[in-house]
Amino acid sequence: MSKKDVESALARGVEILNEFLPAKPALYFPILYSACVWAVRRVFDYRDRILSWQVWLEPEAVLTKPDEFIVHFFLADEALHRVYAAELTAGDLKALRAAFPALYPVCGLEDAFLRGLFRKELAAGDFRTIATEFSTRAARARDDIRPAAAELGFWTALENLGEELAALGIHLLSDADVQKAVINAVKKKPAKDAKSG
Amino acid sequence: MTKRPRKLGGVGILAVSAWALLLDAACLTHLRNAKAAYAAAQELAAHYQTEQATAAYKRALAEAALETQRTPSAQAFMLKGLAEANLGLWRDAETSFVKAAGLGFGEGEAWASDVSLLGLAVSFEELGFQEPSLRVYENLLGKSSFKPVRLTAAQRYADLILARARALADAELDRTLSDLVRTIERLEASDFACGYYHYLHSQAEGHRGRYGRSYDEAVMARELGLPSEKALRDNDLQVVFCCDKLAASLGAGEREAFAAAHAVWAKKWGWKDPRTPGWKTE
């Protein structure tokens, strides 16, 4: 596998996004990172993957959890434990239950798109912001992506990109390296963006 | 000046015949492709390769839809409805089953009615009317012979009961959870190889604090297969949760024996270690 080939494929991915979602650079990382995660697993039905992170088409998981499960979720993850130490010590289940619906899909079930969407907060360990902003930002991302989602060309281009990444052997890169490569690709100013200033 | 229709020469007739044959072959191919994709999806779902199964259901749907446009038949609409139901497209599935029934598919009407009831119950639930939606789910669990409907009704029923149970006092809570477990056990008895029912059972036992039983059911669910990635991951996290709870409650000897047995499962499932599923980032 050539890292350069992966980088140029990702750069083309940024061009695709710049074409279809020119004013929404905040979505570039979550979409490209999801594409990489799914490419590793050789899953290419991106359209539903991206659009249905809240509406899974198959029978849902049971999301009503007992208090013990919720406490365990916060205790078992070192970073979450640190941030919610006060609530855990005080046994403030109301606060933990309020944060759980946002943090469980991101940190527990590890939805790739949501992890991309909250990458900065995850990197900074800022779980409280995720808990507070989850509904608004997830809904906004879904609204923002809608115009591009209506164009078949967008999904075809993304699927082609995913297949190319899979063929290039992206599964040989670690998750951290994939994230780094995507960040670098997104940081480089695409031509269209440069023109519009 | 009007143009006279041109007569078809020998070559033209041949071309038309060839075109008709190709069209016919294409129709056959769509039906065959739809069947093959649907069978593949079921096979993949049974081996909990959930994304691939979803993709295969989508392929089956696309092929069946083409077939219904070109040669409407009971079989084509039934396949289309089945694929739609497995993708949770309840309204579309209902329409397809009604059409399949109109073209002679015997069970089409019953399936369409089940799918329609499920859609109604989901709408009730979304509008906050829990009582009528619970009644519909319960009714579907008792009578529907259509598996996708039974699975969705079971999950929604269990989730509603569990959410309700949280507000109950101890004695009533225990009775409610016992009733739920009995309902799930009846579902298991009707289809023991369905991993999803064992997953629901595991979740309910987790609410009762019966971690040993919850662990056993979660292991069974994983072994038998789950219909979605989300359920699979949630089930894995339930396994980890139960392991930790059991480790804290068992005596030293039992704990070691349990840890050794669990390590075998974790290895079989390709986990990074006994507490870290393979899909989890470090």
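**Exercise 1.** In this predicted model, which residues does the salt bridge of Glu121(A) involve, and are its partners buried or exposed?

*Solution.*
Step 1. Glu121(A) and Arg137(A) form a salt bridge through their side chains, at 2.8 Å from N to O.
Step 2. Place the partners. Glu121(A) sits in helix α9 (residues 119-124) of chain A and Arg137(A) in helix α10 (residues 127-149) of chain A, 16 residues apart.
Step 3. Apply the cut-off: buried means under 20% relative accessible area. Glu121(A) has 12%, so Glu121(A) is buried. Arg137(A) has 16%, so Arg137(A) is buried.
Step 4. Extend the network. Shared partners join Glu121(A), Glu133(A) and Arg137(A) through salt bridges.

**Exercise 2.** Which parts of the chain does the pair Arg12(A) and Glu164(A) tie together?

*Solution.*
Step 1. The two side chains meet in a salt bridge of 2.2 Å, N to O.
Step 2. Arg12(A) lies in helix α1 (residues 3-20) of chain A and Glu164(A) in helix α11 (residues 152-167) of chain A, so the bridge ties together parts 152 residues apart in sequence.
Step 3. Check exposure. Arg12(A) is partly exposed at 35% relative accessible area. Glu164(A) is also partly exposed, at 28%.

**Exercise 3.** Where in chain A is confidence lowest, and where highest?

*Solution.*
Step 1. Start with the average: chain A has a pLDDT of 79, and 82% of the residues score at least 70.
Step 2. Helix α13 (residues 191-196) of chain A is lowest, at a mean of 46, while helix α6 (residues 85-90) of chain A is highest, at 97.
Step 3. Look for weak stretches. Residues 52-58 of chain A stay under 50, as do residues 193-197 of chain A.
Step 4. Where pLDDT is low, do not read the predicted coordinates in detail.

Methods:
Residues are numbered from 1 along each chain as its sequence is written. Chains are lettered from A and ligands numbered from 1 in the order in which they are written. This is a predicted model: local features need pLDDT of at least 70, side-chain atom pairs count only at pLDDT 80 or more; totals for chains, interfaces and linings use all residues. Side-chain values use heavy atoms; hydrogens and water are left out. pLDDT is the predictor's confidence in each residue, from 0 to 100. Helices (H or I, at least four residues) and strands (E, at least two) are DSSP runs, numbered from the N terminus. Contact means heavy atoms within 4.5 Å. A salt bridge is a side-chain nitrogen of Lys or Arg within 4 Å of a carboxyl oxygen of Asp or Glu. Buried means under 20% relative accessible area, exposed over 50%, partly exposed in between (1.4 Å probe, protein chains only).
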